[in-house]
Amino acid sequence: MAADPRAKAATLNLRRRLLSSSCRLFFPEDPVKIIRSKGQYLYDEQGREFLDCINNVAHVGHCHPIVVQAAHEQNLVLNTNSRYLHDNIVDYAQRLSETLPKELSVFYFLNSGSEANDLALRLARQYTGHQDVLVLDHAYHGHLSSLIDISPYKFRDLDGQKEWVHVAPLPDTYRGLYREDHPNPAEAYANEVKNVINIAQEKGRKIAAFFAESLPSVAGQIIPPAGYFSQVAEHIRRAGGLFVADEIQVGFGRVGKHFWAFQLEGESFVPDIVTMGKSIGNGHPVACVATTQAVSRAFEATGVEYFNTFGGNPVSCAVGLAVLDVLETEQLQAHATNVGNFLMEHLSQQKAKHPIIGDVRGTGLFIGVDLIKDETLRTPATEEAEYLVSRLKENYILLSTDGPGRNVLKFKPPLCFSLDNAQHVVAKLDDILTDMEEKVRSCKTLRIQPNSAKHPSGKWDLMFVLHLHQEIHDKMFSRFRG
């Protein structure tokens, strides 16, 4: 393929003219133009190499040759819908079934995670005969209208909460209702779900399903306390609902210890429905819903067929099989454990050194670094997080933030992310935080001025305002004073 001849500025102008501004770019003040990729690296139009710390779609690595070859070879032969018999779809379903509890034995193939969650909602409603859905605060389950309605992350900025949607507190033991010093946070948070169910039932509402990311991501890389989901499942099922585990962000070995993040809850915990997307196809549009025979039979009883034109097509299933092959042959699940443990250890060392780091949490290559302004109040350090991410980008490291306060650095890299990569990122993080602290100590307060504080080169500059946030500064950096 020939090199892209269009200048970055011309591409940006065309995008601004032809695409909606709601389709946002990373680093909008100085976006990166990416023209090729390999493994855990992205390359811009000038050939500069960026380390990708956030792309959990390119699960086994950008442009993995085995995945690319599988798609190419199947494309040369056949790509059509799944109404014809073909070995790829049944082979793929068989391989997926080997990774899941035996109860989850029926598969539906789709094109995206949003489609998967929408189907899960339909399955739950048909099986239970109920309408209502219970979700966690700050959750995001997809961009379809049905899923915006069950995503507090989105609906609070749009039409608000529907009467059939019920929201339970996020099981966040760092900044939530019940924290690390609580004797039994799992039970306490599960009881909150029970309370929400009781309130709904008192109003005559009936719960069809509880939807939850097995590890809430948009909410700030949250690790629910052990035992929480098992207790929630009891409450939900007692109310006549189903438990839906959204594995779209965290499945396929990302958590290291297990193939699926819901398995962190223990072998005895089995969701009623599991949804998959993103990493399932390493960038190819494929998704899946796995459920039980009972749920599937109830859906079939309507007499209305389920048909998805290209869900489960031969190329998608060939890609899915190739991803599973790579995960196994390259032992990427074990790799995620080793590199993730290394990264967690070294980030925790930075926490001891830099007071802006309030919490380091995660498992495998799903890690969050919670930045704070104040150690007691745990006030989100939103501006500081934005500044840090921009400085890392200047050092050719791509990272981003999540959480309600946009202050949690999220690590969800391709699983080929290496020990050397982890060490490099932590070293740069340390350098930038040290530089920030030195400047803040001398100039009192750090603020980002996105319009006026940039050099002509496009790099961020610092603006220091002496009279603002003095109290936050004093608390945050008191550990540096003699």
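This is a guided tour of a predicted model, moving from the whole chain to a few strands and one helix residue.

**The whole chain**

Begin with every residue of the protein chain selected, and you will find 14 helices and 17 strands. The radius of gyration of the protein chain is 23 Å, close to the 23 Å that the globule rule gives for 482 residues, so the chain is as compact as a globular protein of that length. If you orient the view along the principal axes, the C-alpha atoms fill a box of roughly 70 × 60 × 45 Å. Colouring by accessibility would show that 54% of the 482 residues count as buried, while the chain as a whole exposes about 21,800 Å², of which carbon and sulfur atoms supply 50%. Among contacts with a separation of 6 or more, residues 24 or more positions apart account for 70%. Selecting the charged side chains brings up 50 positive and 57 negative ones, and the centres of these two sets lie 5 Å apart.

**Strand 12 and its two partners**

Next, select residues 366-371, which form strand 12, where 6 of 6 residues are buried. Show the side chains and follow their alternation: F366, G368 and D370 point one way, whereas I367, V369 and L371 point the other way, and all are buried.

Which strands flank this one? Add residues 357-363, and strand 11 appears, paired with strand 12 in the antiparallel sense over 6 bridges; within that pairing, V360 of the added segment has V369 as its bridge partner. The hairpin formed by strand 11 and strand 12 has 2 residues between the strands, and G364 takes a positive phi near 60° there. Now add residues 408-411, which are strand 15, joined to strand 12 by 4 bridges and running antiparallel to it. To locate this second pairing in the viewer, pick D370, which stands opposite V408 in strand 15.

**Strand 9, between strand 8 and strand 10**

Move on to residues 273-276, strand 9, where both faces are covered: I273 and T275 lie on one side, V274 and M276 on the other, and all four of these residues are buried. Strands of a sheet pair through backbone hydrogen bonds, either parallel or antiparallel, and both senses can be seen in what follows. Strand 8, residues 242-246, pairs with strand 9 in the parallel sense over 3 bridges, whereas strand 10, residues 287-291, pairs with strand 9 in the antiparallel sense over 4 bridges. A single residue is a convenient marker for the two pairings, since V274 stands opposite A245 and has A290 of strand 10 as its bridge partner.

**The open sheet of four strands**

Then select strands 1, 2, 3 and 13, which form an open sheet in the order 1-2-3-13 with mixed pairing. Its edge strands are strand 1 (34-38) and strand 13 (397-398), each of which pairs on one side only. Inside the sheet, strand 2 (residues 41-44) and strand 3 (residues 49-52) run antiparallel and are joined by 3 bridges, and you can centre the view on Y43, which stands opposite E49 in strand 3.

**A last stop at R16**

Finish by selecting R16, which is placed in helix 1 (residues 8-18). Is R16 buried or exposed? With a relative accessible area of 57%, R16 is exposed, because the cut-off for that class is over 50%. Drawing a C-alpha to C-alpha distance from R16 to K38 gives 28 Å in space, for a pair that is 22 residues apart in sequence.

Conventions:
Residues numbered from 1 in each chain as written. Predicted model: local features only at pLDDT ≥ 70, side-chain atom pairs only at ≥ 80, totals over all residues. Heavy atoms only, no water. Buried < 20%, exposed > 50% of the residue type's maximum accessible area, 1.4 Å probe, protein only. Rg over C-alpha atoms; globule rule 2.2 N^0.38 Å. Contact = heavy atoms within 4.5 Å. Areas by Shrake-Rupley, 256 points an atom, 1.4 Å probe, with all protein chains shown as cover. Lys, Arg positive; Asp, Glu negative; His and termini not counted. Charge placed at Lys NZ, Arg CZ, Asp CG, Glu CD. Pairing = 2+ DSSP bridges.
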